[in-house]
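Grab a pencil and work through these exercises with the model open. Each one comes with a solution you can follow step by step.

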Amino acid sequence: MRIVMIGTGYVGLVSGVCFSEFGFDVTCVDVDEKKIERLNAGEVPIFEPGLDALMQRNTAGGRLAFTTDLATAAGEADVVFVAVGTPSRRGDGEADLTYVEAAARQIAAAIRPGTVVVIKSTVVVGTCRRVRDIIRAARPDLDFSIASNPEFLREGAAIEDFMRPNRVICGVDDERAEQMLRRLYRPLYLRETPMVMTTLENAELIKYAANAFLAMKITFINEVSDLCEKVGGNVQEVARGIGLDHRIGGKFLHAGPGYGGSCFPKDTKAFASTGRRHEAPQTLIEQVIAVNDNRKRAMAERILAELGDGAKGATVGILGIAFKPNTDDVRDAPSLEIIPMLQAKGVSVRAHDPEARETASPLLPGITWCESAYEAADGADILVILTEWNEYRVLDFAEVTARMKGRTLMDLRAIYKDDDMAGTGLRYVPVGRKPVEG
Ligand code: NAD
Ligand code: UGA
């Protein structure tokens with residue numbers, strides 16, 4: 001069985017490597033020559049825990065290869081996955097399907113009869129049929145199948161999510177595609193992972209509805225968090241209290257600076273846009289988008305309010321730039337919204353992130369990059385925890401206070417307990433409950 005994975009980004013690379021780990025022959029294709037060169041040199045171009053070792057093992061085992069030559073690879077494949085990007089289109093928030101459609105045209109020219117083409121990219125409802133039309137227009141006599149197999153992995157936990165998913169969603173409309181997907185996911189099936197066989201449209205909708213629902217859950221708890229701060233509540237206890245109800249569930253109820261990343265922001269926009277286009281408005285999600293955008297700005301204003309009249313010329317240390325821990329991805333990260341707002345008011349920003357410096361540097365001009373959390377605290381009037389990397393969970397507060405000029409620790413992820421602050425001399429300002437004087 002030969003698998004070709006088109007696009008070696010977070011999803012394509014992880015999926016390709018994991019399928020090779022299942023024992024299949026996988027060729028990963030990308031248009032980015034530098035990326036393929038690095039991969040062929042054994043270098044993983046993204047930070048994703050565990051990916052390195054898995055990639056090395058399967059390349060050495062002869063089951064995993066990388067190329068820019070889509071035509072040759074696809075011409076020898078039994079199944080071709082499309083895992084290229086589907087970013088937001090400027091202006092209207094619709095998903096930009098340019099890359100998917102370009103890949104479809106390239107696939108059309110290359111595949112042999114009997115190939116199954118599987119769309120793994122997150123695509124709006126109707127796209128699989130559109131891809132089929134593109135291939136049919138180019139090769140009217142070709143016998144092939146189309147399928148939808150959306151991916152639910154999270155960055156930073158991608159391998160575990162791929163290997164142990166809650167479910168596998170397969171949109172198919174013929175027997176060959178169904179059998180192919182059953183065969184590919186057989187290793188998971190043996191672990192009793194539910195396989196949902198459904199239509200192309202349902203599979204496409206499930207992906208967007210899942211992301212929109214999760215984004216809504218986060219946004220809900222963020223607003224509850226604001227209320228907790230005002231009335232003496234504690235959002236973490238409220239979240240635990242409601243999350244124990246199985247109908248609600250405890251996951252994705254962590255209040256924070258607003259969701260970011262390469263998926264929730266663009267997928268909520270695309271989902272809302274699809275609703276408008278089909279005259280079935282997704283008003284809840286429209287509201288989620290607006291509340292989340294405001295929240296990122298509100299977080300910057302919160303930091304500026306702590307600085308009061310002294311914002312101009314003040315120094316703020318920022319811990320965490322990536323949109324979440326365990327990734328170097330900064331796409332739509334709250335940091336990209338918050339830091340420029342501080343800079344616009346004359347604040348100097350010192351920043352630390354264990355992995356995202358390289359990806360964020362071009363997007364955040366004028367900040368001072370630091371080698372450690374403590375260096376970011378040097379001379380800072382306020383220190384802000386923006387991303388909950390593990391290394392920020394055990395800060396030595398004596399060192400932090402010795403290095404800081406001011407005394408305020410703002411924690412936009414609320415990773416510390418009030419008791420942890422006792423005797424530190426810090427004013428601790430977490431999201432979701434009242435500040436404490438340590
Ligand atoms: P990415 O931007 O990291 O990678 C996409 C890759 O595709 C790039 O390397 C690009 O060079 C390559 N590419 C584009 N056109 C190509 C072509 N014609 N031939 C070969 N390669 C081509 O994207 P990503 O984050 O991996 O996301 C891919 C898709 O998966 C998106 O639709 C996204 O919404 C979805 N998704 C992403 C995640 C995630 O955690 N990042 C999770 C689930 C689903
Ligand atoms: C998300 C989904 O969780 C994946 O299932 C999905 O496959 C992926 O999008 C996608 O479609 O691409 P990801 O963006 O990697 O995965 O990261 P998440 O862990 O979902 O976090 C997204 C954002 O929400 C981050 O900014 C995170 O800090 C924030 N978040 C998450 C919260 O603020 N609170 C929470 O409780 C959970």
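A polar contact is a pair of N or O atoms within 3.5 Å; within protein, one must be able to donate a hydrogen and the other to accept it, and residues adjacent in sequence count only if both atoms are side-chain atoms. This is a predicted model, where local features need pLDDT of at least 70, side-chain atom pairs count only at pLDDT 80 or more, and totals for chains, interfaces and linings use all residues. Residues are numbered from 1 along each chain as its sequence is written, chains are lettered from A and ligands numbered from 1 in the order in which they are written, and side-chain values use heavy atoms, with hydrogens and water left out.

**Exercise 1.** Find the polar partners of ligand 2, then describe the shell around it.

Solution.
- Start with the backbone: a polar backbone atom of Gly260 sits 2.9 Å from an oxygen atom of ligand 2, and one of Phe152 is 2.7 Å from an oxygen atom of the ligand.
- Now the side chains: Lys324 puts a polar side-chain atom 2.8 Å from an oxygen atom of ligand 2.
- Next, the cover: ligand 2 taken alone exposes 700 Å², and the protein buries 92% of that (Shrake-Rupley accessible areas with a 1.4 Å probe; for residues, only the protein chains shown count as cover).
- Which elements give two or more residues to the shell? They are helix H10 (200-231) and H12; helices are DSSP runs of H or I, at least four residues, numbered from the N terminus.
- H10 provides the largest share, three residues.
- Count the neighbours: 19 residues surround ligand 2, and Phe152, Leu153, Lys207, Asn211 and Cys263 are the closest (near means a heavy atom within 4 Å).
- Sort them by class and you get nine nonpolar, three polar and seven charged residues. Here Ala, Val, Leu, Ile, Met, Phe, Trp, Tyr, Cys and Pro count as nonpolar, Asp, Glu, Lys and Arg as charged, and the others, Gly among them, as polar.

**Exercise 2.** Do the same job for ligand 1.

Solution.
- Of the 26 residues around ligand 1, Val11, Asp30, Lys35, Thr86 and Lys266 come nearest.
- Tyr10 has a polar backbone atom 2.9 Å from an oxygen atom of ligand 1.
- For the nitrogen atoms, look at side chains: a polar atom of the Gln106 side chain lies 2.9 Å from a nitrogen atom of ligand 1, and a polar side-chain atom of Glu155 also lies 2.9 Å from a nitrogen atom of ligand 1.
- On its own, ligand 1 has 840 Å² of accessible area, and the protein covers 89% of it.
- Helix H1 (10-21) and helix H5 (98-110) are the elements giving two or more residues to this shell.
- By class, the shell has ten nonpolar, nine polar and seven charged residues.

**Exercise 3.** Work out how H12 and H13 pack.

Solution.
- Helix H12 (residues 264-277) and helix H13 (residues 283-307) meet at an angle of about 145°, with axes 9 Å apart. Axes are lines fitted to C-alpha atoms, for helices over the stretch in contact, and angles run from 0 to 180 degrees between N-to-C directions.
- Contact (heavy atoms within 4.5 Å) involves Thr268, Lys269, Phe271, Ala272 and Arg276 of H12, and Ile285, Glu286 and Ile289 of H13.
- These contact residues divide into four nonpolar, one polar and three charged.
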